[in-house]
Amino acid sequence: MTEAKLIPALNKENLSHFSKTYVPSRLLLGPGPSNAHPEVLDALSLNPIGHLDEAYISLMSDVQQLLRYTWQCNNRLTLPMSGTGSAAMEASIANFIEEGEKILIAKKGYFGDRLVDMATRYKAQVSFIEKPWGEAFTYEEIKYEIETKKPAIFAIVHAETSSGVLQPLDGIGDICRKNNCLFLVDAVTSLGALELLIDEWKIDLAYSCSQKGLSCPPGLSPFTMNKRAEEKLSSRKTKVPNWYLDLSLLNKYWGSDRIYHHTAPVNMNFAIREGLRLIANEGLENVWKRHNTNAKKLWKGLESLGMELHVSEDYRLPTLTTVKIPPAVDGDGFKNHLLRNFGIEIGNGLGELSGKVWRVGLMGFNSCEENVDRLLNLFDTELKKFSIFESSTF
Ligand SMILES: Cc1ncc(COP(=O)(O)O)c(C=O)c1O
């Protein structure tokens, strides 16, 4: 046997560069991830067990039951997909679109654009309606578009993390049913934080993430689909063009049979069970109230410091606030200062709001009065140091 030549990345000389893994302590008040709850971290650090072990199978059922409560639905096929929010987003497109099928996407920010991109890749006949980043669609606008375009699927983002807009969803489910169309909702920044009633609002398909309202690390994407969606899936003429996200295969593991599909990220499922259990213990309505109360305190505090918010209060998103960067302020400088000197992360503006706003998140475990006070205090004392003109006030 010839002697193997090792790539010298880990030879004796430079091994010493690697100390034990360490990450600095941060308070994550940006668009996500948000901090994980300490009890979620405890669950995450348990030793893995087999993904077909009967103890794990019973944990899977707990996760599904807790997810149904959090989604407020009775859907049989309710599961946490392996992967971040974009995985379940892609599953929603890959499974329900066949080549040439019509999808109508209402886009008012970055994540609406992502839906358009994905649907195009799966060869849908994509049409979209658009709003400036910072505005929401009216019921009438959506009704008109669905009735005239007659899509097979209508997709919309509930909580647009790029702009800070909360889209009212009431009544859209009825329009979709009357027009024989599936109603698909992105709930990445609303599940487990804001009122969301899957059954009552007649939402056929929805997806979310683990790293925001559920107070877990990123890695799972809760997904739910009702009977209308199941019927559409079973009437497909062609195979789902994505093996990993094929719901008819995932159904064999997360449905009744618990047959192996892929090795489940078991620790992330321990974690999500814990995040969901904490929500159920607090009670959904209390969770929603906590997010609304803390967001209102933040808005009021920022405005009293002279800051302007990007979105009108009528459809402002409690989980993510877009704060206008005053013209005389070095926005990046202030954001970096908070991170480097106080360990607090806030987000930059994304896409067309880049350089114009900061994004402040209050999600899950992080939505508490103490965090609001801490951040407001820093806006009060530190922001003036980043004024481009010495004398400016805001
Ligand atoms: C509204 C929305 N949709 C989709 C995504 C994509 O999720 P992920 O980044 O977890 O893949 C995000 C991410 O923040 C989001 O905010």
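This report walks through the ligand surroundings and one helix pair in a predicted model.

## Around the ligand

Let's start with the ligand, which has 14 residues around it. The closest of them are Thr84, Gly85, Ser86, Thr161 and Val188.

If you want one element to look at here, try helix α4, which spans residues 85-96. With three residues, helix α4 gives the most to the shell around the ligand. Sorted by class, that shell holds seven nonpolar and six polar residues, along with one charged residue.

## How α11 and α13 pack

Next, turn to helix α11 (residues 284-304) and helix α13 (residues 369-382), whose axes come within 10 Å of each other. The two axes cross at roughly 15°. Angles under 35 degrees count as roughly parallel, and α11 and α13 are therefore roughly parallel to each other. Their crossing is right-handed.

On the α11 side, the contact is made by Asn294, Lys297, Leu298, Gly301 and Leu302. These meet Glu369, Val372, Leu376 and Phe379 in α13. The residues of this contact divide into five nonpolar, two polar and two charged.

## A closer look at Leu376

Leu376 sits in helix α13 and is among the residues there that meet α11. Is Leu376 buried or exposed? The answer falls in between: Leu376 has 18 other C-beta atoms within 10 Å, so it is partly exposed. Being buried would take 20 or more such atoms, and being exposed 12 or fewer.

Leu376 also makes a handy pair with Trp299 for viewing the fold: 77 residues separate the two in sequence, while their C-alpha atoms are 9.7 Å apart in space.

Conventions
Residues numbered from 1 in each chain as written. Predicted model: local features only at pLDDT ≥ 70, side-chain atom pairs only at ≥ 80, totals over all residues. Near = placed C-beta within 6 Å. Helix = DSSP H or I, 4+ residues; strand = E, 2+ residues; numbered from the N terminus. Nonpolar A, V, L, I, M, F, W, Y, C, P; charged D, E, K, R; others polar. Axes fitted to C-alpha atoms, helices over the stretch in contact; angles between N-to-C directions. Parallel < 35°, antiparallel > 145°, perpendicular 65-115°, else oblique. Left-handed = near helix turned anticlockwise from the far one by under 90°. Contact = placed C-beta atoms within 7 Å.
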